[in-house]
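Thank you all for coming. Please have the sequence and the model open while I talk, since I will go through some helix packing and then some internal space.

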Amino acid sequence: MTTQELARTSGRSAAALPRRLPRSLSFWLVGGILCVFLMASTAPSPMYSIYQQRWGFTTTVLTEVFAVYAVAILVSLIMFGSLSDHVGRRPVLLVSLAVEIVSVVVLATAPAVGWLYLGRILQGLATGAATSAVSGALLDFQPPGTSRGPLINGVSASLGMALGSLMAGTLVQYAPGPTTLSYVVILVGLAAAVPAVLAMPEQVAGSGRTWRELLRPQRPTVPAGRGRDFALLATTMLAAWTVGGMYMSLGPSVAKGMVSGAPYLVGGLAVATLAGVGGLTQLLFAGWPGRRAVLVATPLLIASLAGVATSVVASSPVLFFAASLVLGVGWGLMFMGGFRLLTSMATPEHRAGTSAMIYVVAYLSAGVPSVTLGFLTTAFGLTSATVVFAVAAGTFAAVAGISTLARR
């Protein structure tokens with residue numbers, strides 16, 4: 001082969017190689033992908049009351065539909081939480097997107113409550129695998145010498161939950177196809193994410209393990225020698241996600257029970273207020289160290305939870321949303337501070353595994369209280385259950401503050 005032929009062949013081979021996006025752009029795209037996943041997680045919230053009326057199930061079933069999502073995330077984190085540390089971020093994200101797309105189709109076409117369980121289980125499996133891979137990728141792509149990875153992780157998750165709930169509440173209230181159109185919008189976002197992931201550079205080298213080894217449960221990781229510190233700071237996730245679990249499962253029912261007009265929009269606003277204010281808070285106070293964020297969040301959470309309980313007893317929507325605004329500030333600071341403190345312990349080779357452990361704590365904290373609230377609501381009514389929740393969540397916030405002070 002002549003020199004000219006070799007040059008032409010090399011040129012064709014180089015042109016055939018896929019172009020990879022720069023690290024800086026990949027960083028923001030990964031944050032956007034997490035946002036879409038979390039939009040999908042809260043989009044069903046304003047629809048739950050429609051499903052409840054359509055199929056006649058109890059509030060306990062409603063919270064179980066939310067809880068199976070959290071349980072599926074836990075299973076996914078345990079099975080696949082550190083998988084992207086061994087096979088790479090892109091393969092895990094691509095499979096997660098495929099499963100998420102299937103789950104959204106199932107939810108959009110659900111003919112009975114059993115299909116809601118199936119859709120949420122599939123959604124939880126996809127989201128669990130994706131969140132740990134995204135967390136690792138954000139740390140991989142973040143600018144050197146910065147801590148933007150944990151910041152964008154928290155902001156993307158918070159804004160995604162807010163946008164999903166607000167979008168769904170608006171479309172359910174005013175657009176045709178109240179239990180379909182929101183899912184169509186999310187499907188478009190998920191489909192757009194696939195070529196973005198394919199174009200991202202891969203920062204993880206293969207570990208050399210066989211597939212049989214990789215498909216064994218990939219245990220979420222607590223940084224070696226940091227078990228006590230991790231346990232103390234994990235109480236911040238307990239405090240933040242107990243509040244998040246309640247608002248995503250029963251928050252819309254609490255809010256729309258106080259108003260007579262546009263109930264679905266108001267229901268969506270309940271989640272959007274908490275998560276949206278939380279996301280903006282993280283942006284505004286991004287320069288704060290994690291410890292300060294947690295210590296400021298603690299009294300804000302306790303005071304605003306007292307306001308939420310009072311608003312429900314007094315049936316005051318104005319007080320409820322005012323308290324929710326303050327609660328969003330406290331929730332955002334607690335989530336940001338705790339996540340930042342916990343991820344700072346992760347070594348480069350265990351970033352996804354440590355992130356998976358953080359989310360195990362988070363979704364246990366969201367799922368268990370939400371199911372408990374469902375039983376309490378069915379047995380004693382929504383008002384009593386909300387008051388009990390506020391007292392318990394306030395206690396968890398106090399424990400988080402004390403634990404952060406106790407950490408050396």
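How are α6 and α9 oriented to each other, roughly parallel or roughly antiparallel? Before I answer, please keep in mind that this is a predicted model. Two packed helices are described by the angle between their axes and the distance between the axes. For α6 and helix α9, which covers residues 181-199, the angle is about 165° and the axes lie 10 Å apart. Angles over 145 degrees count as roughly antiparallel, and α6 and α9 are therefore roughly antiparallel to each other. The crossing of this pair is left-handed.

If you follow the side of α6 that meets α9, you will find R90, L93, L94, L97, E100, I101, V104, V105, L107 and A108, and from α9 the partners are Y183, I186, L187, L190, A193, V194, V197 and L198. Sorted by class, the contact of α6 with α9 holds 16 nonpolar and 2 charged residues, with no polar ones.

Let me turn to a second pair, helix α11 at residues 227-249 and helix α15 at residues 317-343, whose axes are 9 Å apart and which pack at an angle of about 150°. By that cut-off of 145 degrees, α11 and α15 are therefore roughly antiparallel to each other as well. Here too the crossing is left-handed. The residues that α11 brings to the contact include F230, L233, M237, W241 and Y247, while those from α15 include F320, L327, W331, F335 and F339. Taken by class, the contact of α11 with α15 divides into 17 nonpolar and 4 polar residues, and no charged residue takes part.

The third pair is α2, residues 23-42, with α8, residues 148-174, where the axes come within 7 Å and cross at roughly 35°. That crossing is right-handed. In the contact of α2 with α8 there are 12 nonpolar, 9 polar and 1 charged residues.

Now to the empty space. Rolling a probe the size of a water molecule over the atoms shows where empty space is left. How many cavities of 30 Å³ or more does a search of the whole structure find? There are 2.

The largest cavity has a volume of about 50 Å³. Its lining is made by S45, P46, Y48, S49, L62, S249, P252, S253, K256, P263, Y264 and G267, and at least two of the lining residues come from each of α3 (48-55), α12 (251-256) and α13 (263-284). By class this lining has 6 nonpolar, 5 polar and 1 charged residues.

The second largest cavity, with a volume of about 40 Å³, takes us back to the helix I began with, since α6 gives the most to its lining, with 3 residues. The full set of lining residues is V30, R89, R90, L93, A137, F141, M200 and P201, and α7 (113-141), like α6 (89-108), supplies at least two residues. Here the classes come to 6 nonpolar and 2 charged residues, with no polar ones. Please look in particular at R90 and L93, which line this second largest cavity and also belong to the α6 side of the contact with α9.

Notes:
Residues numbered from 1 in each chain as written. Predicted model: local features only at pLDDT ≥ 70, side-chain atom pairs only at ≥ 80, totals over all residues. Heavy atoms only, no water. Axes fitted to C-alpha atoms, helices over the stretch in contact; angles between N-to-C directions. Helix = DSSP H or I, 4+ residues; strand = E, 2+ residues; numbered from the N terminus. Left-handed = near helix turned anticlockwise from the far one by under 90°. Nonpolar A, V, L, I, M, F, W, Y, C, P; charged D, E, K, R; others polar. 1 Å grid on protein atoms, 1.4 Å probe; cavity = no way out; pocket = protein on both sides within 12 Å on 5 of 7 lines; lining within 4 Å. Points joined across faces, edges and corners; volume = space filled by probe spheres on them. Parallel < 35°, antiparallel > 145°, perpendicular 65-115°, else oblique. Contact = heavy atoms within 4.5 Å.
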